[in-house]
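Here's a quick tour of the fold you have in front of you. We'll start from one residue and work outwards.

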Amino acid sequence: MQYIFFDTNTLSEKMVKKYYPMLTEHKRKKIADEPDPHARTVYFCSEICARICLSREFEAPEFSFSLLINPNGASAVSNFTSSLCIVNDGDYIACAVDKHSCGVGMCRIDSFEFTEAQSICSDRELRDIFSYSVYSFADIVNRKTCDESAVCERFALYKALKDAYFRASGRAVKSNFKYAEFYVENGEIVCSDKYFTVNVHEYHKNNGYVVCVLTGRTK
């Protein structure tokens, strides 16, 4: 598995000169026709991230790959057997590649409402999240917003894990986030769906995000 977390603000002229010639005419036109400068940058940087990860995974030149790039949607490699997942939020891109299935989840560390956590987390996960709170459980339920930094970081972790799971498993319907449960076992985060492994869980506190990557063989 290969993974990269990329800040689009670090895109350089040197990178443009290197990677722009690798784009097909169709992709060059798509970028040129995009009216939003930020969207153009995200699309181009997503292509760069994908090529870097694929080159590392397959030990092949970066120009070798025929790609369908769709940040936060279905991305694919047509000429190699590979799973490619790209997510974007704000100025940041997370990309993962694996020869089997893989999924990326990226969540901003921010305040949240208890009902939101309750809707996607199991009782075990909720207990873990709010074990970092100085408030009693009764007070937590009655507070409109959860804004303690340690609690927000823990909730963002679970939300990123859930998103990564749904992308890795290929489940089209995300209505039941409680389908898979995550817990710490021997210092590692374990998914209740044993077909999947948590390969990455990183806190990018300076950027305000948590990023997770899951890989596995689908059933």
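## Starting at Ile129

Leave aside the neighbours within four places in sequence, and Ile129 touches Phe112, Cys121, Val151, Arg154, Phe155 and Tyr158. Keep in mind that this is a predicted model. Ile129 belongs to the buried set of helix H5 (residues 123–130), along with Glu125, Leu126, Asp128 and Phe130.

What do the buried residues of H5 pack against? Their partners are helix H4 (114–120), helix H6 (137–142), H7 and strand E7 (182–185).

## The two cores

The largest nonpolar core has 32 residues, and the members that touch the most others are Phe112, Ile129, Phe130, Leu161, Tyr165, Phe182 and Leu214. Two or more residues each come from H4, H5, H7, strand E8 (188–191), E9 and E10. The top contributor is H7, which puts in 12 residues.

There's also a second core, separate from that one, with 27 residues; Leu23, Cys49, Ala50 and Val97 are among them.

## The sheet and the helix across it

Now for the strands. An open sheet is built from 3 of them, ordered E6-E10-E9, with antiparallel pairing. Strand E6 (101–108) and strand E9 (196–204) sit at the edges, each pairing on one side only. From one strand to the next, the twist averages 15°.

E9 and strand E10 (residues 209–216) run antiparallel and are joined by 8 bridges. Look along that pair and you'll find Val198 opposite Leu214 of E10. Leu214 has already come up, as one of the residues touching the most other members of the largest nonpolar core.

Which helix lies across E6, E9 and E10? That's helix H7 (residues 149–169), running at about 150° to E6.

## A hairpin: E7 and E8

E7 and E8 make an antiparallel pair with 4 bridges. Within that pair, Tyr183 has Val190 of E8 as its bridge partner. The hairpin leaves 2 residues between the strands, and here Asn186 adopts a positive phi near 55°. Both strands tie back to parts of the model already covered: E7 is packed against by the buried residues of H5, and E8 gives two or more residues to the largest nonpolar core.

## Helices H2 and H3

Over to another helix pair. Two packed helices are described by the angle between their axes and the distance between the axes. For helix H2 (residues 25–33) and helix H3 (residues 37–58), the axes come within 9 Å and cross at roughly 155°. Angles over 145 degrees count as roughly antiparallel, so that is the label for H2 relative to H3. H2 passes H3 with a left-handed crossing.

Who makes the contact? On the H2 side it's Lys27, Lys30 and Ile31, and on the H3 side it's Arg40, Tyr43, Phe44 and Glu47.

## Tyr19 in H1

One last residue to pick out is Tyr19, which is found in helix H1 (residues 13–19). Is Tyr19 buried or exposed? Its relative accessibility is 6%, so Tyr19 counts as buried, the cut-off being under 20%.

Beyond its neighbours within four places in sequence, Tyr19 is in contact with Phe44, Ile48, Arg51, Ile52 and Glu62. Phe44 also shows up in the H3 side of the contact with H2. As for Arg51, it lies 32 residues from Tyr19 along the chain, with 9.0 Å separating their C-alpha atoms.

Note on methods: Residues are numbered from 1 along each chain as its sequence is written. This is a predicted model: local features need pLDDT of at least 70, side-chain atom pairs count only at pLDDT 80 or more; totals for chains, interfaces and linings use all residues. Side-chain values use heavy atoms; hydrogens and water are left out. Two strands pair if DSSP finds at least two bridges between them. Axes are lines fitted to C-alpha atoms, for helices over the stretch in contact, and angles run from 0 to 180 degrees between N-to-C directions. Contact means heavy atoms within 4.5 Å. Buried means under 20% relative accessible area, exposed over 50%, partly exposed in between (1.4 Å probe, protein chains only). A nonpolar core is a set of buried Ala, Val, Leu, Ile, Met, Phe, Trp, Tyr and Cys residues joined through side-chain atoms within 4.5 Å. Angles under 35 degrees count as roughly parallel, over 145 as roughly antiparallel, 65 to 115 as roughly perpendicular and the rest as oblique. A crossing is left-handed if the near helix is turned anticlockwise from the far one by less than a right angle, and right-handed if clockwise.
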